[in-house]
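Visitor: I should like a close look at a single part of this structure, rather than a general tour. Please take one stretch of the chain and explain how its side chains are placed and what they touch.

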Amino acid sequence: MAITKQHLIPLFAISFLFFFQHHCSTTSAQAPAQSPAPPGPPDVTKILQKAGQYSVFVRLLKSTQVSDRLIGELKDTDDGKTIFAPTDKAFSALKSGALNSLNDEQRVELVLFHVIPSYIPLSQFQTVSNPMRTQAGDSGDGEFPLNVTTSGNTVVLKTGLTKTSVSDTIYTDGQLAVYRVDQVLQPLQVFAARSSALAPAPGMSRKAADVDGKSKASSLAIQNLALFVVSVIAFALSL
């Protein structure tokens, strides 16, 4: 039977469809599967929000933008971070108005004083050199010293104004460690300077100081008057 033009068109169409389907299937089978994107660095604020009872510290991390800074640094360095997170109860134990009276710079320093620029497992604190360096600044006396001592599994932190211990591990993954502390770590640079500026004279109120000053002035006036009278009498007797 002779193959006519009408027979060739359907055969050509079927052949083309078969080739196209086979080519697409082969290409799809050969295409490599895409690997999932690597996970980003841990978000400290989300970790603390999930743990609960850290709302004040979370608010400070966000308002000072330290939380964003930590995410960037965890992404760009292999040193990791260690964070001491005070509970809400720890902040409520501060003197009334102590936190609200800090300026923006002091708030940043306070938050960074709770951040160590390296990952420290709980078992490795005994190898840390004192004073321990925080991200707040110089660890010298009178500024931002933080000393650590260990006794068995107990880790004690001392700032010169605060003494507390690590009471729990909130999070650890080999890059970031977050530990609970039950007192706010108060840096000398921030809180000691404020205490010195605001404290009254030892053993004397301002009112008592004013009374004492007036009393001394009155005594001096009486002494001067007595000297004047004695001088007048002596002059009169010499005539």
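**A close look at helix α4 and the loop before it**

Guide: Residues 24 or more positions apart supply 63% of the chain's contacts that have a separation of 6 or more. The model under discussion is a predicted one. Its chain contains 8 helices and 6 strands, and their order along the sequence is α-α-α-α-β-α-α-β-β-β-β-β-α-α. Of its 239 residues, 29% count as buried. The accessible surface amounts to about 15,800 Å², with carbon and sulfur atoms contributing 58% of that area.

The part chosen here begins with Thr64, which sits in the loop joining α3 (55-63) to α4 (66-76). Thr64 counts as buried because its relative accessibility of 15% falls under the 20% limit. Two kinds of neighbour may be described for this residue. One is local: a polar atom of the Thr64 side chain lies 3.5 Å from the backbone oxygen of Leu61. The other kind is found further along the sequence: once residues up to four places away are set aside, Thr64 touches Arg107, Val108 and Val111.

Val111 also appears among the neighbours of Val66, a residue of helix α4. With residues within four places in sequence left aside, the contacts of Val66 are Leu61, Val111 and Leu112. Leu61 is thus named twice, as a contact of Val66 and as the residue whose backbone oxygen lies 3.5 Å from the Thr64 side chain. Val66 and Val111 stand 45 residues apart along the chain, yet their C-alpha atoms are separated by 7.6 Å. Val66 is buried, since its relative accessibility is 1%, under the 20% limit.

Further along helix α4, the account turns to charged side chains. Arg69 and Glu73 form a salt bridge in which the closest N and O atoms are 3.1 Å apart. The spacing of the pair is that of about one helical turn, because the two residues are 4 residues apart in helix α4. Neither partner reaches the buried class: Arg69, at 38% relative accessibility, is partly exposed, and Glu73, at 22%, is partly exposed as well. Glu73 has a further partner, for its side chain meets that of Lys81 in a salt bridge with an N to O distance of 2.7 Å. Lys81, by contrast, is buried, with a relative accessible area of 5%.

For context, the whole structure holds 3 salt bridges. Besides the pairs already described, Asp182 forms one with Arg180, where the closest N and O atoms are 2.8 Å apart. Asp182 is partly exposed, having a relative accessible area of 35%, and Arg180 is partly exposed at 22% relative accessibility. Returning to the chosen part, Arg69, Glu73 and Lys81 are joined into one network by salt bridges that share partners.

Taken together, this part has two aspects. Val66 in helix α4 contacts Leu61, Val111 and Leu112, while Arg69 and Glu73 of that helix are joined by a salt bridge.

Methods: Residues are numbered from 1 along each chain as its sequence is written. This is a predicted model: local features need pLDDT of at least 70, side-chain atom pairs count only at pLDDT 80 or more; totals for chains, interfaces and linings use all residues. Side-chain values use heavy atoms; hydrogens and water are left out. Buried means under 20% relative accessible area, exposed over 50%, partly exposed in between (1.4 Å probe, protein chains only). Contact means heavy atoms within 4.5 Å. Accessible areas come from the Shrake-Rupley method with a 1.4 Å probe; for residues, only the protein chains shown count as cover. A polar contact is a pair of N or O atoms within 3.5 Å; within protein, one must be able to donate a hydrogen and the other to accept it, and residues adjacent in sequence count only if both atoms are side-chain atoms. A salt bridge is a side-chain nitrogen of Lys or Arg within 4 Å of a carboxyl oxygen of Asp or Glu.
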